[in-house]
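Welcome! Please open the model in your viewer and take a short tour of a few of its parts with me.

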Amino acid sequence: MFKEPQKQSSIGILVLFFDTLQHYLRALWPILVVWIFKFNEVNKTYLLIGISVGVLLIGLIAYLKYINFTFYLDSEKEEFIINEGIWSKTRTTIQLHKIQQVNITQSLIQRAIGVYALDVDTAGSNDKEGKIKAISHELALELKSKLLDNERRIKVDGNEANTTETFIEENHSFINISFLSLVKMGITSNYVRSFSLLLLFLFTVLDYTQKIMGANVWEDKDIENYVNSRLLIQSLFVVIVFLFIVIILINLARIIIKYFDYKITRQKGSLLLSFGLLNTKSTIIKPEKVQITAVSQNYFQKKMNILHLRIKQASHNEKEERNAAIEIPGCNQIEKDAILKLLFQKIPQKGVMLKPNWRKLGFSVFLTIGLPLIGYCIFRNYNPTLGKDYDYSVWIYIIFVGVIQFFKFKNNKLFINDDFIIMQSGAWDINNEIIEPSKIQAITTSQLFWHKSINIGSIILHTAGGNIAFQLGNFTAIKQYVNLWLYELERSDSNWM
């Protein structure tokens with residue numbers, strides 16, 4: 001199968017039609033907006049003819065895309081080849097051993113039509129290398145299995161042997177993230193991000209409201225006549241409670257819609273993940289391709305026995321790194337250990353601990369408290385009357401940020417053993433990033449000249465999935481581990497690309 005060039009599902013022409021229609025609507029939206037506002041002035045006959053011609057042209061383009069799109073596997077060269085294009089023909093050749101990830105997704109339109117999309121991703125690319133937008137589920141699973149069954153084989157006593165261990169337990173779901181676990185994650189995570197988005201939305205609405213009304217209600221001098229201080233405090237309390245409820249609802253909706261019916265299955269020593277309520281997604285994680293595995297948990301999640309796993313594979317840049325990271329929310333301690341054991345063949349243990357010097361805390365406090373306080377004092381000097389109204393909030397800010405910086409410093413640790421490097425960080429959500437020394441691509445060490453006398457310095461570990469930085473630790477110990485890691489890298493022949 002797949003040795004001969006073959007096309008997408010014929011019903012997929014509808015998917016290509018809607019995809020092409022969406023592309024042109026995005027490109028021509030300014031013209032469409034003008035037509036909507038001047039609808040009464042537009043000749044309805046010409047408008048209908050124009051829409052009809054446009055739909056026919058888009059249908060023709062979708063049909064030509066379908067006719068000219070083929071894909072197949074070249075088993076001799078171990079390549080996956082995609083041919084596409086209408087006027088300009090494009091031939092995409094992907095070496096099988098460089099395939100990083102294969103995703104099977106299904107949008108609402110694809111679900112209605114009964115087809116799936118398959119994306120092939122390789123390390124170091126800005127976008128998905130190969131995209132098939134309309135394929136049956138059976139063919140998608142079969143093709144994904146073929147694409148990822150590409151382990152390099154080595155000669156052992158004259159016989160070929162696969163470099164990756166094959167697990168006995170195959171093709172069955174061994175972890176199911178329950179709906180209750182997703183609810184727990186929704187009410188205990190992403191407060192800052194949701195609050196920031198909500199605050200941005202409220203300020204935007206307020207700005208548009210002021211523009212429409214032509215007045216700023218906050219600067220109304222008569223507001224003191226009908227709002228007393230007690231009522232204002234009660235109103236602020238109600239608003240805070242309301243915002244907190246909205247934030248929880250936003251988190252719940254986002255997590256449930258995105259990760260509904262989360263299943264993890266073993267498949268030939270890899271992890272097959274499938275999830276999604278509206279847009280379903282299925283992807284495979286190969287242990288040797290994993291760069292960084294992050295485990296995060298806060299106080300409430302610890303009490304509820306849930307945590308958040310984030311798996312990073314090779315990426316081209318920071319934006320792609322955030323988008324390409326695979327998240328497993330709501331798993332418990334036992335499920336986490338099972339996943340880590342499959343990824344690393346053992347459960348990572350924390351080894352020798354390196355802690356940052358107290359100067360790291362001092363510098364962080366200066367940046368987050370000292371500089372803003374200097375700015376406020378300048379503002380207070382030029383506006384003494386107005387500044388008095390904000391004095392109480394300054395103390396609240398100092399205490400709040402000071403506590404955060406203290407716990408960030410307290411939790412900032414680097415653990416090292418022979419097989420793993422674990423970077424711990426965070427103030428509320430304690431994050432542990434796990435990497436294997438063999439996955440390191442480059443190492444950067446730095447030491448400011450005034451730090452030489454106290455023997456402290458910083459290190460950055462560069463991997464294809466992102467960087468891990470540890471600042472102001474014991475520089476002698478750091479250099480010793482750097483020499484060890486560089487030596488191990490010279491000897492390593494791992495196949496993670």
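We will visit a pair of helices, then a sheet and the helix that lies across it. Keep in mind that this is a predicted model.

**Stop one: two helices**

Select residues 13–27, which are helix α1, and residues 44–68, which are helix α3. Their axes come within 8 Å and cross at roughly 125°. Since angles over 115 and up to 145 degrees fall outside the roughly perpendicular and roughly antiparallel ranges, that makes α1 oblique to α3. The crossing of these two helices is right-handed.

Now show the side chains where they meet. On the α1 side, pick I13, L16, F17, T20, L21 and Y24. Their partners in α3 are V55, I58, G59, I61, A62, Y63, K65 and Y66. Sorted by class, this contact has eleven nonpolar, two polar and one charged residues.

**Stop two: a sheet**

Next, move along the chain and select 440–446 for β20 and 466–474 for β22, then add residues 456–463 for β21. These three strands form an open sheet in the order β20-β21-β22, with antiparallel pairing. β20 and β22 are the edge strands, so each pairs on one side only. On average, neighbouring strands here are turned by 15° against each other, direction ignored.

Zoom in on β20 and β21: six bridges join them in the antiparallel sense. Which residue of β21 stands opposite I440? Look for T463.

**Stop three: the helix across the sheet**

Finally, add residues 475–491, helix α16. You will find α16 lying across β20, β21 and β22, and running at about 155° to β20.

Note on methods
Residues are numbered from 1 along each chain as its sequence is written. This is a predicted model: local features need pLDDT of at least 70, side-chain atom pairs count only at pLDDT 80 or more; totals for chains, interfaces and linings use all residues. Side-chain values use heavy atoms; hydrogens and water are left out. Axes are lines fitted to C-alpha atoms, for helices over the stretch in contact, and angles run from 0 to 180 degrees between N-to-C directions. Helices (H or I, at least four residues) and strands (E, at least two) are DSSP runs, numbered from the N terminus. Angles under 35 degrees count as roughly parallel, over 145 as roughly antiparallel, 65 to 115 as roughly perpendicular and the rest as oblique. A crossing is left-handed if the near helix is turned anticlockwise from the far one by less than a right angle, and right-handed if clockwise. Contact means heavy atoms within 4.5 Å. Ala, Val, Leu, Ile, Met, Phe, Trp, Tyr, Cys and Pro count as nonpolar, Asp, Glu, Lys and Arg as charged, and the others, Gly among them, as polar. Two strands pair if DSSP finds at least two bridges between them.
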